[in-house]
Amino acid sequence: MRPTLSFEFFPPMSPAANLRLWTSVERLAPLAPNFVSVTYGAGGTTRARTLAAISTIRERARLNVAGHLTCVGATRDETLEVARGFAKQGVRRIVALRGDAPKGADKFEPHPDGFVSAAELVGALREEGFRDISVAAYPEKHPEATTLETDIDNLKRKLDAGATDAITQFCFDTDTFFRFRDAAAKAGITAPIVPGILPVENFAKMKNFAGRCAAAVPAWMDQAFGNVETDAEAHLLSVSIAAEQCSEMMAQGVDHLHFYTLNNPDLTFDICTAIGIEPIAMQGVVGGTA
Ligand code: FAD
């Protein structure tokens with residue numbers, strides 16, 4: 001069965017990056033995603049850019065857009081005001097996050113009048129009337145969590161507070177994802193757990209980023225990327241790794257895939273076509289009602 005899709009973008013910082021975002025949206029829209037999402041800088045650093053990107057994608061591609069929202073460095077009301085701004089742009093889905101500590105700080109400290117966790121934010125968003133709320137999940141546990149079990153308890157708190165599904169941090173070991181899904185089910189979680197798929201655009205950069213997220217990079221990936229000689233080979237390798245992971249997941253009942261596109265449409269597009277998802281002809285509204 002064809003899985004449903006979502007594509008994550010980050011808000012651009014320059015006119016050139018803006019063009020790249022738009023090119024990415026145009027290229028991926030014919031794959032008819034259920035929604036696309038736009039990230040939000042912790043501390044509100046991208047507030048205006050996230051809103052602008054949401055509005056452009058909605059107006060020009062008429063896709064369903066989810067806004068990411070974090071609680072860092074803002075009062076509860078300031079955070080909810082951003083959510084209300086999203087709603088004014090027609091956004092119905094929020095990816096509700098706590099966010100990381102700002103640059104220079106070694107750990108997250110809630111604003112004195114702010115939300116202390118994503119679970120608290122989810123509860124407040126429900127009261128604001130949002131019904132589609134995704135939260136983050138970590139198959140290899142969040143770096144600050146003491147154990148995977150306490151982190152799964154936290155995921156359950158977010159879902160019990162009203163979140164509708166969880167999107168995972170990327171995780172290259174597919175069995176780890178399945179073990180996490182089983183452990184979550186054992187803890188009483190019934191909401192969908194959507195795997196976040198990270199196409200590898202630049203192996204060295206990805207490894208650095210994975211280190212910061214405490215996501216493991218298996219030794220076989222080091223070896224495989226160590227052997228590639230050209231950009232074309234690296235592209236093919238990235239596509240085949242992600243396509244194989246998606247196929248294994250689909251065979252085990254995963255019916256929605258979330259892609260961290262990094263605003264690079266080619267890898268995501270090629271992975272989707274490699275797993276049998278054909279682009280559709282663009283005719284007006286794409287991906288359902290916007
Ligand atoms: P929470 O769920 O609040 O958890 C944070 C930590 O606190 C965890 O270790 C948790 O176990 C622990 N915890 C929380 N409550 C309790 C409790 N009551 N008792 C014990 N432990 C507790 N970051 C951005 O800045 N912008 C984005 O747009 C963004 N998008 C993301 C999208 C996805 C799909 C994912 C997976 C992550 C994203 N992030 C983003 C990163 C995220 O903000 C960080 O990982 C952040 O450090 C944690 O956010 P959270 O929502 O998971 O926090």
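**Group meeting: ligand shell, sheet and core**

The largest share of the shell around the ligand comes from helix α5, which supplies four residues. I start there, and I should say at once that this is a predicted model.

Staying with the ligand, there are 25 residues around it, and T39, H68, R98, A118 and A136 come nearest. Which helices each supply at least two residues of that shell? They are α4, residues 118-127, and α5, residues 148-160. A118, one of the residues that come nearest to the ligand, is also where α4 begins. By class, the shell has eleven polar residues, nine nonpolar ones and five charged ones.

Now the overall fold. The protein has ten helices and nine strands. Its radius of gyration is 18 Å, close to the 19 Å from the globule rule for 290 residues, so the protein is as compact as a globular protein of that length. The C-alpha trace spans about 50 × 45 × 40 Å along its principal axes. Of the 290 residues, 42% are buried. If you take the contacts with a separation of 6 or more, 83% of them are between residues 24 or more positions apart.

Next, the sheet. Nine strands make an open, parallel sheet, and the order is β7-β6-β5-β4-β3-β2-β1-β9-β8. Its edge strands are β7, residues 193-194, and β8, residues 196-197, and each of these pairs on one side only. At the β7 edge, two bridges connect that strand in the parallel sense to β6, residues 165-168. I167 has V194 of β7 as its bridge partner.

Further in, β4, residues 93-96, runs parallel to β5 and is joined to it by four bridges. R93 is bridged to D132 in β5. How much of β5 is buried? Five of the six residues in this strand, 132-137, are buried, so to speak in plain terms it is mostly covered.

That brings me to the core. The largest nonpolar core has 81 residues, and V65, I94, A96, V122 and V135 have the most contacts inside it. Two of these deserve a closer look.

Take I94. Beyond four places in sequence, I94 touches A66, G67, L69, A83, F86, L125, F130 and I133.

Then V65, which lies in strand β3, residues 65-69. Why does V65 count as buried? Because V65 has 26 C-beta neighbours inside 10 Å, and the cut-off for buried is 20 or more. Leaving out neighbours within four places in sequence, the contacts of V65 are F35, V36, S37, V38, I54, I57, R58 and V91.

Last, the stretch around α10, residues 265-274. Its buried residues are P265, L267, T268, F269, I271 and C272. What do they pack against? The partners are two strands, β1 (4-9) and β9 (256-260), and two helices, α1 (15-28) and α9 (231-251). Just after α10 comes G276, with a positive phi of about 95°. Set against V65, G276 is 211 residues away in sequence, and the C-alpha to C-alpha distance between the two is 24 Å.

To recap: α5 gives the shell around the ligand its largest share, the sheet is open and parallel with nine strands, and the largest nonpolar core has 81 residues. That is all I have.

Note on methods:
Residues numbered from 1 in each chain as written. Predicted model: local features only at pLDDT ≥ 70, side-chain atom pairs only at ≥ 80, totals over all residues. Core = buried A, V, L, I, M, F, W, Y, C linked by C-beta atoms within 7 Å. Buried ≥ 20, exposed ≤ 12 C-beta atoms within 10 Å, placed from the backbone. Contact = placed C-beta atoms within 7 Å. Near = placed C-beta within 6 Å. Nonpolar A, V, L, I, M, F, W, Y, C, P; charged D, E, K, R; others polar. Pairing = 2+ DSSP bridges. Rg over C-alpha atoms; globule rule 2.2 N^0.38 Å.
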